[in-house]
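Biologist: I am new to this one. Please show me the model, and let me ask how each label is earned.

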Amino acid sequence: QIFAEFNRTPIASASVAQVHYARLRRADGSAGREVAVKVLRPGIKAIIEQDLALLKTLAGLVERYLADGKRLKPREVVAEFDKYLHDELDLMHEAANASQLRRNFTGSTQLIVPEVFFDYCTREVLVLEWMRGIPVGQIDRLREAGVDLQKLSRFGVEIFFTQVFRHGFFHADMHPGNIFVADDGRYIALDFGIVGSLTEYDKHYLAVNFLAFFN
């Protein structure tokens with residue numbers, strides 16, 4: 001038993017997994033570090049395979065029978081879904097993504113990425129450092145906590161450009177549910193199932209387009 005405490009009621013739930021609060025067990029049996037335990041839903045892979053098979057069939061019909069079918073590239077769109085969904089079904093991928101992002105932002109004054117406890121991770125279970133903060137969408141709470149919203153906005157832009165142009169590795173699922181704000185005003189990133197990477201060519205292409213837009 002690796003947990004001294006485990007709350008069976010999930011504190012967060014999504015389409016393929018749910019998250020539980022727990023505390024690791026120390027060598028003497030007492031409660032240690034607080035952690036978030038993400039667990040895949042039982043049988044979710046079979047459900048996703050069925051849905052993908054249906055999407056592939058529909059994509060083929062769209063491409064064959066609609067006038068704009070081939071131009072819309074429906075099979076390529078479904079293939080993209082297929083790739084990222086299967087990545088999300090292996091939580092070791094997410095553990096590696098989180099670890100890489102954490103290394104990239106070591107010592108950052110703008111972004112916190114939780115520590116991964118690899119010794120307790122499997123393809124079905126992910127154990128991360130427990131994070132406390134205010135959801136970024138709760139503006140009133142952020143104001144009450146004295147968070148500088150202009151500074152937070154600047155941090156958001158700088159974090160994005162740092163990920164894209166310096167690291168070429170970025171969190172690709174940054175909706176408000178995956179972003180908290182810590183007491184010290186830094187962002188907290190959560191849920192690392194989907195990330196993106198960029199080649200030097202990609203970064204140059206984006207830079208040229210951003211410059212053209214700004215000019």
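Biologist: How many salt bridges does the count come to?

Modeller: The count comes to 14 salt bridges. Keep in mind that this is a predicted model.

Biologist: What makes Glu63 and Arg75 a salt bridge?

Modeller: The closest N and O atoms of Glu63 and Arg75 are 2.6 Å apart. The cut-off is 4 Å between a Lys or Arg side-chain nitrogen and an Asp or Glu carboxyl oxygen, so the pair qualifies. Glu63 sits in helix α1 and Arg75 in helix α3, twelve residues apart.

Biologist: Why is Glu63 called buried?

Modeller: Its relative accessible area is 15%. Buried means under 20%, so Glu63 is buried.

Biologist: Which label fits Asp68, and which fits Arg71?

Modeller: Asp68 has 40% relative accessibility. That falls between the 20% and 50% limits, so Asp68 counts as partly exposed. Arg71 has 59%. Exposed means over 50%, so Arg71 is exposed. The side chains of Asp68 and Arg71 meet in a salt bridge, 3.3 Å from N to O.

Biologist: How do you know that Arg123 and Asp90 form a salt bridge?

Modeller: Their N to O distance is 3.4 Å. The limit is 4 Å, so the pair is a salt bridge. Arg123 lies in the loop between β5 and β6, and Asp90 in the loop between α3 and α4, so the bridge ties together parts 33 residues apart in sequence. Asp90 is at 11% relative accessibility. With buried set at under 20%, Asp90 is therefore buried.

Biologist: Which residues do salt bridges with shared partners join into one network?

Modeller: Lys38, Glu94 and Asp191.

Biologist: Why does Glu88 have no salt bridge?

Modeller: The nearest side chain of opposite charge, Lys38, is 5.4 Å away. A salt bridge needs 4 Å or less, so Glu88 has none. Glu88 is nevertheless buried. This residue is found in helix α3. Beyond four places in sequence, Glu88 touches Leu40, Gly193 and Ile194.

Biologist: Now the nonpolar core. Which members of the largest one touch the most other members?

Modeller: Leu111, Val116, Leu126, Tyr187 and Phe192, out of 32 residues. Among the elements that each supply at least two residues are α1, α4, β6 and α6. The largest share, four residues, comes from α4. A second, separate core has seven residues, including Phe3, Ala22, Val37 and Val127.

Biologist: What does Tyr187 contact, apart from neighbours within four places in sequence?

Modeller: Its contacts include Leu111, Ile112, Val136, Leu152, Phe155, Ile159, Ile179 and Phe180.

Biologist: What makes β5 and β7 edge strands?

Modeller: Each pairs on one side only. They belong to an open sheet of four strands, in the order β5-β10-β9-β7, with mixed pairing.

Biologist: How do you know that β5 and β10 pair?

Modeller: Two bridges join β5 to β10. Pairing needs at least two bridges, so these strands qualify. The two strands run parallel. Leu111 stands opposite Tyr187 in β10.

Biologist: Which helix lies across this sheet, and at what angle to β10?

Modeller: Helix α6 lies across β5, β9 and β10. It runs at about 45 degrees to β10.

Conventions
Residues numbered from 1 in each chain as written. Predicted model: local features only at pLDDT ≥ 70, side-chain atom pairs only at ≥ 80, totals over all residues. Heavy atoms only, no water. Core = buried A, V, L, I, M, F, W, Y, C linked by side-chain atoms within 4.5 Å. Buried < 20%, exposed > 50% of the residue type's maximum accessible area, 1.4 Å probe, protein only. Contact = heavy atoms within 4.5 Å. Axes fitted to C-alpha atoms, helices over the stretch in contact; angles between N-to-C directions. Lys, Arg positive; Asp, Glu negative; His and termini not counted.
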